[in-house]
Amino acid sequence: MNKRLQLAVRNAVCTNCRMSNQAEGDDVCVTGQGPNGARVVIVTKFPIGPRSRKELSGFLADADWPDVDNVMWCSAIKCRSWGMDPNKTDMKACRPYLDEELNFVKPEYVLCIGGEALFAATGRAGIMKYRGKLFTHASGATVMATIAPGMVARNPRFRDGFIADLRYFRNLASGIVTDQDPYHTPGERQTTVATKAVLRSLLAALDASGVVSYDVETTGAGEYESGAAIVSLSLTTAATSMATAHVWKIPLFHPQSPWRRQWQRILAIIARYLYKVKRRIAHNAKFDTRWLRTFGMPELTPTFDTIIAAALLDENRVKGLKPLAQQLLGADPWGIDTKNLLITPIDEVLDYNGLDTWHTLRLYFMFREQLKAQPRIGRLFIYLMMPLVQELVNVEQRGVYVDREVLATNHNIARQTLADVREQLMEWVPPREEWPPNIKDVNFNASNFARWWLFEHLGLPVMARGKTKDDGSPGAPSMAEAIMLELAELHEVGKLMGEHALWFKRCSAFFESYEALLDENSRIHTTFKPWGTVTGRLSSGKEDEEKLTARGHVKGVNLQQVPRDPLLRGVFGAPPGSSFVEADYSQIELRIAAFLAREQTMLHLYASGQDIHMAMAMRMTGKPASRVTKEERKRAKAVNFGFLYGMGWHKFVMTAWSNYQLRVTEEESRAFRTSFFDQFPMLPAWHAKQRRLAHKFGRVMTPMGRVRHLPDIESPIPDVRAEAERQAINSPVQGFASDMAALSMVFVARKFRKLGLTAHPIGTVHDAVNFEIPNDELRIALPIIKDTMETLPLERLFGVVLDVPIVADIKVGTHWGLARELSIDEVYDWQAA
DNA sequence: AGTCAGCGCGCG
DNA sequence: AAAGCGCGCGCTGACT
């Protein structure tokens, strides 16, 4: 400890927090360590010891900060204790000491490592929100926070950002001009477009530009909702490099904007010039493109999406613009509270908006080079991902048609059923006087009420518990459906609780969301993220911006998880005069696995048109094919995929029970698994090969060249390593299959357009593509869909010769869940029935 | 009023 | 020792 600081601040008999009870002698109230006159204070969670000092020194060295001599090390919690985590009360109790320390040391800069340090120095909580932002402490010091090294240890993807934060702080504290890069900030190279004369300059600049990046700030709600508006637009134009880059900031709907009354007209004027710029770049381009298309730029199409490039080049990294710019370009952190931009001063909005396009353009030039250097990734970007983004703009903008009548009817059925179940459950609920005092309301979800009621009041046995709590106490009794099913054997409420869970979810997660999100054209809009998964699948749900609206809770619709029940899927349909067409790749992952593994038995089965899932279902149920139900085949599918991707005998015991009510012993389970691999003898060799490749290269690849990096493959922890090995087996299959589905959507849509059809895709569900097709176009459209999906130009575009038959099954109907599967003859010779 | 983790479950 | 993979969402209960 620093003697002078110790004398000034330390309270050796402090008992304000729980840590102090555990600490003795020197470990109570440990004040800062370091030289007098230190200009920099680093605040850690606990008083720093040799081990964490060494760990931090490693990170600091990586951030080009090897010399940390003139630093005072202080802590948020001043007592050294073991195995104890401070809560908010402890942190509050200790805060005054840090304040005193900072007032005494009077450093110029303070770096907070982790959330506790952030709180101690600034009183703010939320490290992910505040990291990288600058604060001023009462002592006059400039304070910046970053994440804790522990977070990097748990999740290596935070590493680069952590180092970038440290480097930024080092530069800040040492007064180094933060970057040699002349494009570190736009500086003078920016203009606010607030007069007609400047607007004309912008148009001239667009006319002369070869590349432009664009970004909008919005009112927050979906662009299809009433009241939606674009607050401001930013464009960064350039000829062919950053040397000629210039930021244009255009106020639009903001109250202080000169264009507020005619903002859409301004967009329309700019549109014609923007279209003509050859390369149009945005970060998460679908979002900005949809908004701009809706409000005056109907023909805008992005040519390069930096978020897609970022994800293709490294699927594991954080993909937001800010972290990328900070990590890859050394950009200074920037940001404002985007929750209500209309009450944020216009200059703040514009500067923020401008930095977004400035750094987007810088990322563009960087990623373009990286894609050129990795031609296979580059081809995926050009021939698959950008066309996909362009098509998804159409898909998201259009939305999916909802049959209001069916929605109302089915929602009513669900509501009524839920009410009935609830009424029956209520018969078993005792009067309120008998409840424990801490329980306020009846709640049949996994609540304290339900747990007390089932396991104490009704005295039903606890079959399983949730995760053990941090303090070592046992987890809460499990309320999972499988447990309720077991309880049903003992008490009728078990069955009712299962039904309650089912209908509650149907009402709240599905029907209520649908009604809330329906637009005036009876359509629901969802968002697809082609960068949302590590394997290359699309994820689907709420737009990130929509999660932040100040209007309260916005429900989300994930069109990839609509229950396979006509009551729910039947809500989605085609408008009158059109049909809902679902095109499914049949057993695509299994076919791809057969192809990748060169599994001769599987290849032969597919060559002769057989069904592997059915074979498993027959073995599981002991029934002949004719008597196996659809449901049983579906369960068999789960078993096949389980074994294919590395499921052990242990889990199979559970699968067999929960799927088939089949009691399987350990020996039987092992035998079953063995016989699966005996049946397909090349699979184990393929598994071994994938593991070997992952260990050798740290990554695996799909046939089209999509990469999955597996840093955990080097982990010293066997569980973690084994998980990476299973991912090495799964990823190429899952990734290839989803790329095929995405590519087929792009190609089918392209052919529809070429033929002047109004038929269009609605979205993908991993291995299926859904379409909305006018009835008089079905005759032309159906064969196009089937042919395109089964014969994608994989060899021409990606050099892949796929020698396993690919089959697309086509279903047609008025509504999603009610579609009927067509025979091949019907697909190729459609007669409207 | 908002945020978070844990759980359970919807889909492929 | 323990072992399918990939997602998003709503709810609860804890916190500020």
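What follows is a chat between a colleague and a modeller about a predicted model.

Colleague: Why is Cys-112 called buried?
Modeller: Buried means under 20% relative accessible area, and Cys-112 has a relative accessible area of 0%, so the label fits.

Colleague: How do you know that Cys-112 is in no disulfide?
Modeller: A search of the whole structure finds 0 disulfides. For Cys-112, the nearest cysteine sulfur belongs to Cys-74 and is 10 Å away. A disulfide needs the two sulfur atoms within 2.5 Å, so this pair does not qualify.

Colleague: And what makes Cys-507 buried?
Modeller: Cys-507 is at 2% relative accessibility, and the cut-off is under 20%, so Cys-507 counts as buried.

Colleague: Let's go to strand β1. What makes you say that β1 is mostly covered?
Modeller: β1 spans residues 40-44, and 5 of its 5 residues are buried. Val-40, Ile-42 and Thr-44 point one way, while Val-41 and Val-43 point the other way.

Colleague: How do you know that β1 pairs with β2 and with β3?
Modeller: Pairing takes at least two bridges. β1 and β2 (residues 71-75) are joined by 5 bridges and run parallel, and β1 pairs with β3 (residues 109-113) over 4 bridges, also in the parallel sense. Both pairs therefore pass. As examples, Thr-44 has Ser-75 in β2 as its bridge partner, and Val-43 has our old friend Cys-112 in β3.

Colleague: Why is the contact between Asp-181 and Arg-362 called a salt bridge?
Modeller: The closest N and O atoms are 2.7 Å apart. The limit is 4 Å, so the pair counts. The two residues sit in distant parts of the chain, 181 residues apart: Asp-181 is in the loop between α8 and β6, and Arg-362 is in helix α14.

Colleague: Are those two residues buried or exposed?
Modeller: Arg-362 is buried, at 5% relative accessibility. Asp-181 is at 26%; that lies between the 20% and 50% cut-offs, so Asp-181 counts as partly exposed.

Colleague: What makes Lys-286 and Glu-396 a salt bridge?
Modeller: Their side chains meet at 2.6 Å, N to O, and the limit is 4 Å, so that one counts too. Lys-286 is in helix α11 and Glu-396 in helix α15, 110 residues apart. Lys-286 is buried, at 2% relative accessibility, and Glu-396 is buried with a relative accessible area of 2%.

Colleague: How do you know that Asp-356 and Lys-322 tie together separate parts of the sequence?
Modeller: They form a salt bridge, with the closest N and O atoms 3.2 Å apart. Asp-356 lies in helix α14 and Lys-322 in helix α13, so the pair ties together parts that are 34 residues apart in sequence. There is also a network: salt bridges that share partners join Glu-223, Lys-286, Arg-290, Glu-396 and Glu-543.

Colleague: Last stop, the nonpolar core. Which residues touch the most other members of the largest one?
Modeller: Phe-752 and Ile-785, out of 117 residues. Helix α28 gives the most to this core, with 13 residues. The contacts of Ile-785 include Val-581, Phe-752 and Ile-810.

Colleague: And why is Asn-770 called buried?
Modeller: Asn-770 lies in strand β20. Its relative accessibility is 5%, against a cut-off of under 20%, so Asn-770 counts as buried. Among the residues in contact with Asn-770 are Phe-580, Pro-761 and Trp-816.

How values were computed
Residues numbered from 1 in each chain as written. Chains lettered and ligands numbered in written order. Predicted model: local features only at pLDDT ≥ 70, side-chain atom pairs only at ≥ 80, totals over all residues. Heavy atoms only, no water. Buried < 20%, exposed > 50% of the residue type's maximum accessible area, 1.4 Å probe, protein only. Core = buried A, V, L, I, M, F, W, Y, C linked by side-chain atoms within 4.5 Å. Contact = heavy atoms within 4.5 Å. Lists of a residue's contacts leave out its neighbours within four places in sequence.
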